[in-house]
Amino acid sequence: MSSIFEKIIARQIPADIVYEDDRALAFRDISPQAPKHILVIPKKVIPRLAAAQPEDEQLLGHLLLTAAKVARAEGVSESGFRIVANCGPDAGESVPHLHIHVLGGRQLAWPPG
Ligand code: AMP
């Protein structure tokens, strides 16, 4: 069964897409935790960072550069932003398709909860 993010990639369910290329998609989180909250995902199905393989090295780099590009486009590159990739139950991962949260637009607390 395909995950909700695969359905977004396939345009089977709607999303507020802010960036797309041949390998990545970025869209606004449906439940934003900051004024800017965007998810950057690979089109390739990788459940989570712990499942990534050596052959995914370039793709993972591309996702990070995409996160930085999205942050610039959202106007938070200078003010600051945070990237988060929740991996597994203790981290609160809820969608089994690798995603990088890009959070910005407010002062973010540290350490995270
Ligand atoms: P995580 O809890 O790290 O696995 O993050 C999953 C994120 O996906 C959460 O922040 C959700 O709010 C978000 N999310 C779930 N369904 C959708 C959707 N249909 N469109 C946009 N974001 C979603």
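Where is the place of arginine 11? In this predicted model, arginine 11 is found in the loop between helix H1 and strand E1, the latter spanning residues 17-20. The backbone at this position is notable in one respect: arginine 11 has a positive phi of about 60 degrees, although the residue is not a glycine. With regard to solvent, arginine 11 has a relative accessibility of 46% and therefore counts as partly exposed, since that class covers values between the 20% limit for buried and the 50% limit for exposed residues.

Helix H1, which precedes this loop, also takes part in the surroundings of the ligand. The shell around the ligand comprises 16 residues, and the closest of them are Asp29, Asn86, Ser94, His99 and His101. Helix H1 (4-9) and strand E2 (24-28) each supply at least two residues of this shell. The greatest contribution is that of H1, with three residues. Divided by class, the shell contains seven nonpolar, six polar and three charged residues.

Several polar atoms of the protein are placed beside oxygen atoms of the ligand. A polar side-chain atom of aspartate 29 is located 2.5 Å from a ligand oxygen atom. In the case of serine 94, the atom concerned belongs to the backbone, being an N or O atom at 2.6 Å from an oxygen atom of the ligand. Valine 95 likewise presents a backbone N or O atom, here at 3.2 Å from an oxygen atom of the ligand. The ligand taken alone exposes 500 Å², of which 84% is buried by the protein.

A further backbone feature concerns the peptide bond between tryptophan 110 and proline 111. This bond is cis, with an omega of about 5 degrees. Proline 111 belongs to the segment that follows strand E5, which covers residues 100-104.

On the protein surface, Leu64, Phe81 and Ile83 make a nonpolar patch of about 250 Å². Phenylalanine 81 is situated in strand E4, which consists of residues 81-84. Because its relative accessibility is 31%, phenylalanine 81 counts as partly exposed. The residues of a patch must have over 30% relative accessible area, and phenylalanine 81, at 31%, therefore satisfies this cut-off.

Key:
Residues numbered from 1 in each chain as written. Predicted model: local features only at pLDDT ≥ 70, side-chain atom pairs only at ≥ 80, totals over all residues. Heavy atoms only, no water. Near = heavy atom within 4 Å. Polar contact = N/O pair within 3.5 Å; in protein donor to acceptor, adjacent residues only side chain to side chain. Areas by Shrake-Rupley, 256 points an atom, 1.4 Å probe, with all protein chains shown as cover. Helix = DSSP H or I, 4+ residues; strand = E, 2+ residues; numbered from the N terminus. Nonpolar A, V, L, I, M, F, W, Y, C, P; charged D, E, K, R; others polar. Buried < 20%, exposed > 50% of the residue type's maximum accessible area, 1.4 Å probe, protein only. Patch = residues over 30% accessible without salt bridge, like charges linked within 9 Å, V, L, I, M, F, W, Y side chains within 5 Å. Salt bridge = Lys/Arg side-chain N within 4 Å of Asp/Glu carboxyl O.
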